[in-house]
Amino acid sequence: MNWETFPDYETLSQHAAEILLDAIRADAKVVLGLPTGNTPLGMYARVVAACAREYHCFRDVVTFNLDEYVGIPRDHPGSYFTFMQRHLFSHVDIEPANTYIPNGAAPDLAVECSRYEKTIRNIGGLGLTFLGLGSNGHIAFNEPGTPFDSRTHVVALSESTRKANAAFFLDQPVPTHAITMGIATILDSREIVLLASGEKKRDAIERLRTGVQSVDFPASALWNHSNVRVLIA
Ligand code: GLP
């Protein structure tokens with residue numbers, strides 16, 4: 001694991017944006033795994049600004065989001081579909097057909113999970129995946145207790161995770177379930193970049209740094225991967 005510490009959130013975001021843009025410059029057809037949450041917002045804003053200058057940035061890029069809430073339509077203001085349109089997709093020249101997000105409103109969620117997993121595989125797997133970090137150590141929506149060999153599946157969200165995401169739902173209830181890529185799905189990505197910023201992530205980062213692996217702390221599965229960069233501010 002490669003650790004990089006930055007003086008502030010802005011510098012971390014700039015660096016993360018450069019990693020993402022460099023991946024596109026190296027391979028215009030790169031397959032990206034993309035996170036939501038507050039942490040990647042600065043990265044997305046910088047990528048959008050850079051792509052206003054570099055015409056055709058995203059023309060052949062393929063993206064897979066890590067997760068999506070269950071039981072809300074994709075145009076719900078709190079959905080990750082809405083988040084991605086607002087912060088990235090509507091500002092760059094990506095083909096909508098190349099932006100994959102699990103469908104949390106699918107009639108059969110088990111079918112949707114295996115379809116998502118198969119789509120990733122058929123496209124040749126994830127190339128570069130960005131992750132945020134839950135303060136309880138979750139990655140995507142893989143909560144503590146999730147087996148390291150898990151694939152895309154439905155999860156019940158913990159109370160702390162629902163509380164942490166309440167701001168995105170204003171006065172509406174946060175969904176109780178989500179579809180998430182599994183830990184094994186994420187670990188199949190050729191490169192992984194984990195972003196963590198702020199006091200609320202300090203304990204989780206320190207626990208990750210110990211290298212002790214436990215299903216109680218999902219991010220510790222990243223020690224099984226040979227190409228992980230952890231960016232901290
Ligand atoms: C949500 C997302 C995760 C994200 C986490 C951290 O639970 N599903 O993918 O990493 O929030 O969010 P934040 O960056 O807002 O702290």
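This passage looks at the nonpolar cores and the main pocket of a predicted model. Local features need pLDDT of at least 70 and side-chain atom pairs count only at pLDDT 80 or more, while totals for chains, interfaces and linings use all residues. Residues are numbered from 1 along each chain as its sequence is written, and side-chain values use heavy atoms, with hydrogens and water left out.

The largest nonpolar core (buried Ala, Val, Leu, Ile, Met, Phe, Trp, Tyr and Cys residues joined through side-chain atoms within 4.5 Å; buried means under 20% relative accessible area with a 1.4 Å probe, protein chains only) holds 44 residues. Within this core, Leu20, Leu34, Met43, Val47, Phe58 and Leu88 touch the most other members. Elements that each supply at least two core residues include α1 (9-26), β2 (31-34) and α2 (41-53); helices (H or I, at least four residues) and strands (E, at least two) are DSSP runs, numbered from the N terminus. Helix α1 gives the largest share, eight residues. Leaving aside residues up to four places away in sequence, Leu20 has contacts (heavy atoms within 4.5 Å) with Leu32, Leu34, Met43, Val47, Phe58, Leu128 and Phe130. There is also a second, separate core of 28 residues, with Val31, Ile139, Ala140 and Val228 among them.

As for open space, the largest pocket (an open set of points on a 1 Å grid over the protein atoms alone where a 1.4 Å probe fits, with protein on both sides within 12 Å along at least five of seven lines; lining residues have an atom within 4 Å of a point) is lined by 29 residues. Leu133, Gly134, Ala164, Asn165 and Lys201 sit nearest its centre. Helix α5 (residues 159-164) gives the most to this lining, three residues.

Note on methods. Buried < 20%, exposed > 50% of the residue type's maximum accessible area, 1.4 Å probe, protein only.
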